[in-house]
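Here are a few worked exercises on helix geometry and chain contacts. Have the coordinates open and try each task before reading its solution.

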Amino acid sequence: MKKRRNLAPYLLILPSFLYLAVFFAWPMLRSLQLAFQRDEKILVLRASPNDENADETGRLEMNTTVTISEREKYDEVLPNGRTRPYYWFNVSGADVNGNTVTGWTERKNLDVKSAASSEEARVRNGDPVKEWTLANIKRMVNDGRFSEALTTTLLLMVIILPIQFVLAIIMALVLQSQLKFNSIFLYIYAIPLGISDLAAGLVWEAMFKQNGFLNSFLVKIGVIDKPYIFLSADNKKWMITAIVLAEIWRATSIVMVIVVSGLQAIPRDYMEAGEIFGANLWQRLRHIILPLLKPSLQVALILRTILAFQVFAVVVAISGGRVLTVLAYETYRWYDPSDTGFNNPNVASAYAGLIMLLSLIISIVYLRAVRAQEEAAQE
Amino acid sequence: MTPRTLDPVQRRALRRQKMRRASVYALAILIALWILLPIWLIASQAFSNQEDIYGFPKTVVPTPVSTETMDFFLNYQGILQATRNSVVVAVLTLVLSTLLAMPAGYAISRYIFPGRAAFRLSILAVRAFPIVILAVPLAVTFIQWGMFDQVYSVALMHTALTLPTTVLVVSSVFASIPVELEEAARVFGASPFQAFIRVVMPLVLPGVAAAAIFTFVMSWNEVFAATLLTIRNRTLPALILYTLNKSPLEFQYAGGFFMLVPSLVFIFFIRRYLFNMWGQITK
């Protein structure tokens, strides 16, 4: 390796660094800003006309009705030498506290029928005012679906992760036991790595549908005589089951791959020593494999937990997003500018911030727990 | 040591070992079926006719095999355009992500410099971050910049999502090539750039290609950000998600199958590199 002071490595990492600054760090700060700011326009009234820097005499909210008491006409000289008239109005109206405020403002800030004669107008424009506020957070927490989204997300995580880790370790051990056709098994076990959450959701919806494969199977073997409706609004348990199965089916492979690469790093001597001293599989697992796998399992756990907070398309595909909701779906619903959504990026950002915060807390807790254990082991 | 000379105890041990071996095979096949059966079933629905789609009970093999459902899906309004958008987004993401990651990966694996550990750590942190969530502020920003609802802005978002993984994978690929090869080329008079292009590039190409394919699949599959960042220029998953509640069953089955086909193909090509890719990340 080259060690003298060298600009080359900095130049080489610069593009990635800049890219992540623009498309990662900046949007992250922006989302916190959106979540904690009131982003509205406020009309600031001035003490004298045609002077944007005149003293402030009051503030009006958008859509306030105001009465016009005076008006001034000015001429703006355009670059081509012609002139264009523009108006300033002295208006009064009720501010946010109900007090009447009076002051000057430009025509572009008002909805006014006739600049020369109208006596009434409506505030339609102003300066963007950015105030720090907890209003978006309050709105998120007070929303009827908030607690359900949070509990469903956590519930799914608590059910899915343990099953996933046990299954992944079993899959990894099977792959490590040098079977014939090992590469075929490896390929099959890795297929779900490339399957999207949406596709997985659609696949498992086909299983649990009223005329789906599970009902076909159960009717054929005679357990039930007519199809059972698994996925209905008053049958949340089956809906959760379908989502859990879809997530286990889809996202266990990633844990498996991490566990296999962890297993490959365990020196063969350790395993052989265990076998020579007559340890059975469970003893080897408990005393050799799992302790040595800990770093890999820790990485997989952090990765999977953070992905679990983002669970989205599987839930939408199976429940339509209405019966069951999760944090990521609420983020989408609040952002969504179409008729069914709220078109409110501020509350959506509050949800995004919550997901970030939960991910951060979980990572820190895991890392702390592992470090505490390691320190205890050293003493 | 032929089996004939074994005493009963040894024979019993041998039998037990064979039994154990057989049960491992049974387990391996069971897990394989757990993964393959749902894929087979959705494929069987995608290649059946309308009668079958709405019929009950369903059969494991469609009778007759028909392209009716697949045709219906592919001719559904907007699907071809959305598929094209998805491919464009995924290719742009692949190219951008690989171009940015190559130099960074090379720097991490070949140089020791102040800030190297910090850079690597921040890449790891970004990798574990719920990046798709950033689609909300990015959508707001893109609207302000006039970049909203564009195929390339989805690719920009997806690159942020895939770049950390690509950097780590590419750096592990470079780390597996002995630096001595490069130095030998330098001794024989090659410039650093020539040494890189002539000696290192051919060796890292398969690994980098595997990383690039994985990038493609990640982008092809991504739903959340794509749905938030587009309205008319939907990618395939975004369009399918958006039309989910209004679309007929054929659409959902064929769509589900159509989306998972690339993973079947691409994972086959990169299966040998998967552990190299992830081994590095666990360190």
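Angles between helix axes over 145 degrees count as roughly antiparallel. Keep in mind that this is a predicted model.

**Exercise 1.** Work out how α8(A) and α9(A) are oriented relative to each other.

*Solution.*
- Start with the geometry: helix α8 (residues 268-276) of chain A packs on α9(A) at an angle of about 170°, and the axes are 10 Å apart.
- Compare with the cut-off: the two helices, α8(A) and α9(A), are therefore roughly antiparallel.
- Now pick out who touches whom: α8(A) brings Y270(A), M271(A) and G274(A), while α9(A) brings R284(A), I288(A) and L292(A).
- Sort that contact by class and you get four nonpolar residues, one polar and one charged.

**Exercise 2.** Check what span helix α9 of chain A reaches between its end C-alpha atoms, and look for a kink.

*Solution.*
- Take the 29 residues of α9(A), residues 281-309: at 1.5 Å a residue, a straight helix would reach 42 Å.
- In the model the end C-alpha atoms are only 34 Å apart.
- Look along the helix and you'll find a kink of about 55° at K294(A), shortly before the proline P295(A).
- For burial, the list for α9(A) includes I289(A), L293(A), S296(A) and R304(A).

**Exercise 3.** Run the same check on helix α9 of chain B.

*Solution.*
- This helix covers residues 192-221, and a straight helix of 30 residues would span 44 Å.
- The end C-alpha atoms of α9(B) give only 38 Å.
- Next, find the bend: α9(B) turns by about 55° at M201(B), with the proline P202(B) following within four residues.

**Exercise 4.** Describe the contact between chains A and B, then zoom in on one helix pair across it.

*Solution.*
- Count both sides: chain A puts in 82 residues and chain B 75 residues.
- On the chain A side, the largest share is the 15 residues from helix α1 (residues 8-36).
- By class, that side of chain A has 58 nonpolar, 18 polar and six charged residues.
- Now zoom in: α1(A) packs against helix α6 (residues 135-145) of chain B at about 90°, with axes 8 Å apart.
- That angle makes α1(A) roughly perpendicular to α6(B).
- The touching residues are P27(A), R30(A), S31(A) and L34(A) from α1(A), and V136(B), P137(B), L138(B), V140(B) and T141(B) from α6(B).
- Splitting this α1(A)–α6(B) contact by class gives six nonpolar, two polar and one charged.

Notes. Residues are numbered from 1 along each chain as its sequence is written. Chains are lettered from A and ligands numbered from 1 in the order in which they are written. This is a predicted model: local features need pLDDT of at least 70, side-chain atom pairs count only at pLDDT 80 or more; totals for chains, interfaces and linings use all residues. The expected span of a helix is 1.5 Å times one less than its number of residues. Two residues are in contact if their C-beta atoms, placed from the backbone, lie within 7 Å. Ala, Val, Leu, Ile, Met, Phe, Trp, Tyr, Cys and Pro count as nonpolar, Asp, Glu, Lys and Arg as charged, and the others, Gly among them, as polar. The bend at a residue is the angle between axes fitted to the seven residues ending there and the seven starting there. A residue is buried if 20 or more other C-beta atoms lie within 10 Å of its own, exposed if 12 or fewer, and partly exposed in between; C-beta atoms are placed from the backbone. Axes are lines fitted to C-alpha atoms, for helices over the stretch in contact, and angles run from 0 to 180 degrees between N-to-C directions. Angles under 35 degrees count as roughly parallel, over 145 as roughly antiparallel, 65 to 115 as roughly perpendicular and the rest as oblique.
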